[in-house]
Amino acid sequence: MASSRNLTRFWDWGRKIICVGRNYTEHAMELNNTIPTEPVLFLKPSSAYVREGAPILIPYYSSNLHHEVELGVVIGKSGKAISQTVAMDHVAGYVLCLDMTARDIQEECKKKGLPWTLAKAFDTSCPVSDFIPKENILDPHNINIWLKVNDKVRQESNTSAMIFSIPYLISYISNIIALEEGDLILTGTPKGVAAVQENDEMKAGIDGILSMKFTVRKQSH
Ligand SMILES: O=C([O-])CC(=O)C(=O)O
Ligand SMILES: [Mg+2]
């Protein structure tokens, strides 16, 4: 019998989604945030996953949904307190992700000192591409990721601009939260985040590797 745990479809059974915020200097600056000296972490639940073919929903309580294109790192081997030198042995592969963010709600949360759950963890807040095996991206710190809305480029960056590298993030995170097979780490977004409207078409890609498309709809409740 085939295993129900096919890592190339980790979103079907996947575990935690650990997100890194403000990992690109120009993005931290465009939202008037300080440049972090340690990674900023938050979580999304696995119910946030959405795959191509299904719409991305603007939550009923937000009127400012932003796109954030990010490289996602899929954990293939569990570990706790992983050292930077062996960190890449724990990586099974990658996905392209969108960290969909209700920016108006996040701003309110920041002002009130509340957690970002409503802004970042709602259903469809984590669109992911097909799984990319590790060997297909030889240097994850030197790829171009981009996002277009209705064919206009909004975000475009090389991952070399990340403040904290993938081995650093795996080591840092796993000292706090054990990493498990099927976990996903979102490595932060470059500059250019902006709002999407109902019926917008978002296309995102990694040069030479893959692209994906999503339509924006309004959540009805
Ligand atoms: O909401 C934010 O600006 C933090 C974040 O997720 C990122 O930098 O990718
Ligand atoms: Mg983000």
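Okay, one bit of vocabulary to start: I'll call a residue buried if 20 or more other C-beta atoms lie within 10 Å of its own. By that count, 40% of the 221 residues in this protein are buried. And just so everyone knows, what you're looking at is a predicted model.

So, the overall picture. We've got 4 helices and 16 strands. Line the protein up along its principal axes, and the C-alpha atoms fill a box of roughly 45 × 45 × 30 Å. The radius of gyration is 16 Å, which agrees with the value near 17 Å for a compact globule with 221 residues. Now the contacts: taking those with a separation of 6 or more, 73% are between residues 24 or more positions apart.

On to the annotation. UniProt, in an unreviewed entry, puts a "Fumarylacetoacetase-like C-terminal" domain at residues 16-216. That span is 15% helix and 35% strand, and its end C-alpha atoms sit 24 Å apart.

Let's zoom in on helix α4, residues 166-176. Which of its residues are buried? They're Ile166, Leu169, Ile170, Ser171, Ile173 and Ser174. Keep in mind that an α-helix has 3.6 residues a turn, so residues three or four places apart point the same way. As for what covers the buried residues of α4, that includes the strands β1 (17-21), β2 (40-44), β6 (69-75) and β13 (184-186).

Last stop, ligand 1. Among the residues around it are Cys19, Gly21, Arg22, His27, Glu68, Asp99 and Thr189. How does that shell divide by type? You get 2 nonpolar, 6 polar and 3 charged residues.

That's my tour, thanks!

Conventions:
Residues are numbered from 1 along each chain as its sequence is written. Chains are lettered from A and ligands numbered from 1 in the order in which they are written. This is a predicted model: local features need pLDDT of at least 70, side-chain atom pairs count only at pLDDT 80 or more; totals for chains, interfaces and linings use all residues. UniProt positions are given in the numbering used here, feature names are shortened, and annotations may be inferred rather than shown by experiment. Helices (H or I, at least four residues) and strands (E, at least two) are DSSP runs, numbered from the N terminus. A residue is buried if 20 or more other C-beta atoms lie within 10 Å of its own, exposed if 12 or fewer, and partly exposed in between; C-beta atoms are placed from the backbone. Two residues are in contact if their C-beta atoms, placed from the backbone, lie within 7 Å. A residue is near a molecule or strand if its C-beta atom, placed from the backbone, lies within 6 Å of it. Ala, Val, Leu, Ile, Met, Phe, Trp, Tyr, Cys and Pro count as nonpolar, Asp, Glu, Lys and Arg as charged, and the others, Gly among them, as polar. The radius of gyration is taken over C-alpha atoms; the globule rule is 2.2 Å times the number of residues to the power 0.38.
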